[in-house]
Every structure is written in C-alpha cells, then in structure tokens.
Amino acid sequence: MKALAFLLVAASLSASAQAPLPQLKAYEVPASWLTPIEPLRIADRTWQIGTADITSLLIKTEQGAVLIDGGMPQAAELLVAHLQRLGVAPHELKLILHSHAHADHVGPLAALKRATGARLVSNAESAALLARGGSGDIHFADGITYPPVQADRLLQDGETVSLGTMRFTVAFTPGHTPGSMSWTWTDTRHGAPLRIAYVDSLSAPGYTLVGNAAYPQLLDAYARSFAIVRQLPCDLLITPHPDQSGWHYADAAQPHPRPMSCAAYADAAEARIKKQADEQRARRPRGT
C-alpha cells in the first residue's frame with residue numbers, strides 16, 4: 001500500500017513550474033538545485049528530467065528506460081512523475097546508473113529502486129559509500145548523508161551496460177570522489193548519430209589536495225581523469241552540475257548557450273585544480 005500511495009502522489013504532481021522542494025535540515029543547497037522544471041529533450045532518446053541545476057538523465061529504449069543520477073533525496077517523487085509524463089511507467093525503468101555517490105546526485109536512488117524495481121549499477125568504491133548512505137566520505141568529515149542503497153551490479157573500468165539497442169560505457173574518473181564515473185553512449189538527433197558524454201564533476205570544493213592522508217595520490221587521480229576525459233567520444237558534453245558544461249536547463253528557449261567540449265572541460269578543471277593545489281602548498285609550513 002505504501003508503494004501505491006507513493007506512485008499516486010508522484011502521478012498527481014503538476015508538470016508546471018512549482019515552488020522548490022523542501023530543504024534537508026542537515027544539508028541545505030541552492031534553491032535552483034531543488035526547483036522542478038519541465039523535462040528537457042537532449043536528443044531523440046535522452047531527456048533531462050531533474051531540477052533546474054542538477055542533472056538527472058532519462059534514456060528511453062525499446063526494452064525499458066535507464067536513469068543516470070537522481071539529484072537530491074527530495075526529488076524521488078518528482079522523477080517518478082516525470083517518468084510517467086514521458087510515457088515511462090515506473091516498472092519500465094530497468095537500470096539506474098550514477099556519476100558519484102554524493103547526496104546531491106544519488107540522494108533518491110533508494111526510494112527510486114523501491115518504487116520501480118530498477119537495478120542499480122555502480123563500482124566498488126561508490127557502492128561502499130552508497131551502502132553507508134554517504135557517511136564516512138573522505139572529504140566531508142561531518143558527512144552529507146542520504147538513505148543508504150545497495151548496488152545490484154559492480155562494474156570494472158571500461159565495461160559496457162546495455163539495454164535494448166543502447167550501450168553505455170563507463171570510464172572511471174576519480175578525483176571528486178574515489179568512485180567517480182563518467183558515461184558515454186550514442187543517441188541520434190535530426191537523423192544523425194550523437195555521441196553523448198556525461199562526465200562527472202572534476203572539482204574539489206574545499207578539498208585538501210596537498211598532503212591528504214586519506215587520499216595521498218589525489219592529485220595523480222585528477223591528472224589521470226583529465227587525460228581520460230579529453231579522449232572520450234564527445235559530440236555533446238553534459239555534467240552533473242549543468243552550469244559546468246554551459247547548460248541552463250531552466251531556459252527552454254536556449255538551454256545550452258555555452259556548449260563545451262570534453263577537452264575544454266578537462267583543461268578548465270585542470271587549471272582550477274593546479275591553482276588550488278599551488279595555493280595550499282604556499283600555505284604549508286616549510287619542510288612539510
């Protein structure tokens with residue numbers, strides 16, 4: 001009965017502009033991360049169904065649908081409503097993929113698994129954090145937690161996940177988290193193939209980059225990830241935080257005013273990480 005009530009509430013949500021979803025008392029974020037918007041068509045089978053400033057991608061296939069990332073924990077009902085608006089019944093969501101295991105991207109995955117029966121695909125590093133609900137994150141000592149969720153399949157770097165005729169290839173891009181993953185697949189637009197790259201965050205918000213005892217090789221991890229991202233098949237770049245790749249989802253007339261290549265994304269991130277690391281080195285006592 002609880003699952004039925006959940007779906008009935010989700011189905012009743014209006015697709016029109018609404019007030020932001022409620023804040024979590026322990027983890028407040030910008031209102032735009034919680035503001036519902038109309039589903040946005042990215043390509044023939046790929047839709048953005050998340051909020052104004054957090055990406056959640058739905059890919060429709062002949063054998064069901066795939067979701068990549070979910071946003072904040074509060075977004076579960078919104079996502080189910082958007083699935084239904086696009087003609088995807090909850091049980092037709094077959095796979096859930098993700099970028100990294102922070103609350104603003106995987107927060108609703110436990111609720112979505114219960115509501116849809118979809119299988120969650122992850123890797124070993126992220127699965128450990130998902131199972132703890134985000135507690136014990138190496139960069140956030142106080143923890144930014146969310147409902148714990150168990151992965152159903154663990155991937156190795158470079159593996160492919162298939163549903164129908166769609167094939168999603170994972171590239172491990174650690175740095176933002178040890179388990180960060182980026183995804184590539186080929187859709188179509190105007191009858192032509194379109195290689196989409198959903199590339200994970202390459203930022204380090206407040207991180208200790210130099211002398212981090214919990215992640216001694218963090219800068220090396222970022223360097224490898226920059227190189228990987230530059231080589232991805234990438235006609236169209238999308239990122240978990242859309243502004244980082246020039247998207248403005250809330251503007252239906254011009255949702256992608258500043259398109260960016262994967263190489264440019266990696267170059268800009270590398271410059272920021274280098275500056276941040278240099279500033280930390282300059283503040284360290286001599287001899288440490």
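**Exercise 1. Find out what share of the 288 residues of the protein chain counts as buried, and describe the chain as a whole.**

*Solution.* Of the 288 residues in this chain, 52% count as buried. Keep in mind as you work that you are looking at a predicted model.

Step 1: take stock of the secondary structure. The chain has seven helices and twelve strands.

Step 2: judge how compact the chain is. Its radius of gyration is 18 Å, close to the 19 Å that the globule rule gives for 288 residues, so the chain is as compact as a globular protein of that length.

Step 3: look at the outline. Along the principal axes, the C-alpha atoms fill a box of roughly 60 × 45 × 35 Å.

Step 4: turn to the contacts. Among those with a separation of 6 or more, 63% are between residues 24 or more positions apart.

Step 5: finish with the surface and the charges. The accessible surface is about 12800 Å², and 54% of that belongs to carbon and sulfur atoms. There are 25 positive and 25 negative charges, and their mean positions are 2 Å apart.

**Exercise 2. Locate the disulfide and describe the surroundings of C234.**

*Solution.* Step 1: search the whole structure. The search finds one disulfide. It joins C234 to C262, with an S to S distance of 2.2 Å. This fits the cut-off, since a disulfide needs two cysteine sulfur atoms within 2.5 Å.

Step 2: place the two ends. C234 sits in the loop between α6 (218-230) and β12 (236-238), while C262 belongs to helix α7 (residues 262-283); with their positions 28 residues apart, the pair links distant parts of the chain.

Step 3: check the twist. The angle about the S-S bond is 85°, and the link of C234 and C262 is right-handed.

Step 4: ask about burial. Both C234 and C262 are buried. For C234 the relative accessibility is 16%, and the cut-off for buried is under 20%.

Step 5: list the neighbours. Leaving out residues up to four places away in sequence, C234 touches R195, A197, S261 and C262. One of these, S261, is 27 residues from C234 in sequence, yet their C-alpha atoms are 6.9 Å apart in space.

**Exercise 3. Decide whether D69 is buried or exposed, then do the same for H190.**

*Solution.* Step 1: look at the backbone. D69 has a positive phi of about 70° although it is not a glycine. H190, also not a glycine, has a positive phi of about 55°.

Step 2: find each residue in the chain. D69 is in the loop between β4 (64-68) and α2 (76-85). H190 lies in the loop between β10 (181-189) and β11 (192-198).

Step 3: apply the cut-offs, which are under 20% for buried and over 50% for exposed. D69 has 0% relative accessibility, so D69 is buried. H190 has a relative accessible area of 79%, so H190 is exposed.

**Exercise 4. Work out which residues N123 is in contact with.**

*Solution.* Step 1: find N123. This residue is in strand β6 (residues 119-123).

Step 2: check its accessibility. N123 is at 2%, so N123 counts as buried.

Step 3: set aside the neighbours within four places in sequence. The contacts of N123 are then L154, L155, F172, G179 and M181.

Technical notes:
Residues numbered from 1 in each chain as written. Predicted model: local features only at pLDDT ≥ 70, side-chain atom pairs only at ≥ 80, totals over all residues. Heavy atoms only, no water. Helix = DSSP H or I, 4+ residues; strand = E, 2+ residues; numbered from the N terminus. Buried < 20%, exposed > 50% of the residue type's maximum accessible area, 1.4 Å probe, protein only. Rg over C-alpha atoms; globule rule 2.2 N^0.38 Å. Contact = heavy atoms within 4.5 Å. Areas by Shrake-Rupley, 256 points an atom, 1.4 Å probe, with all protein chains shown as cover. Lys, Arg positive; Asp, Glu negative; His and termini not counted. Charge placed at Lys NZ, Arg CZ, Asp CG, Glu CD.
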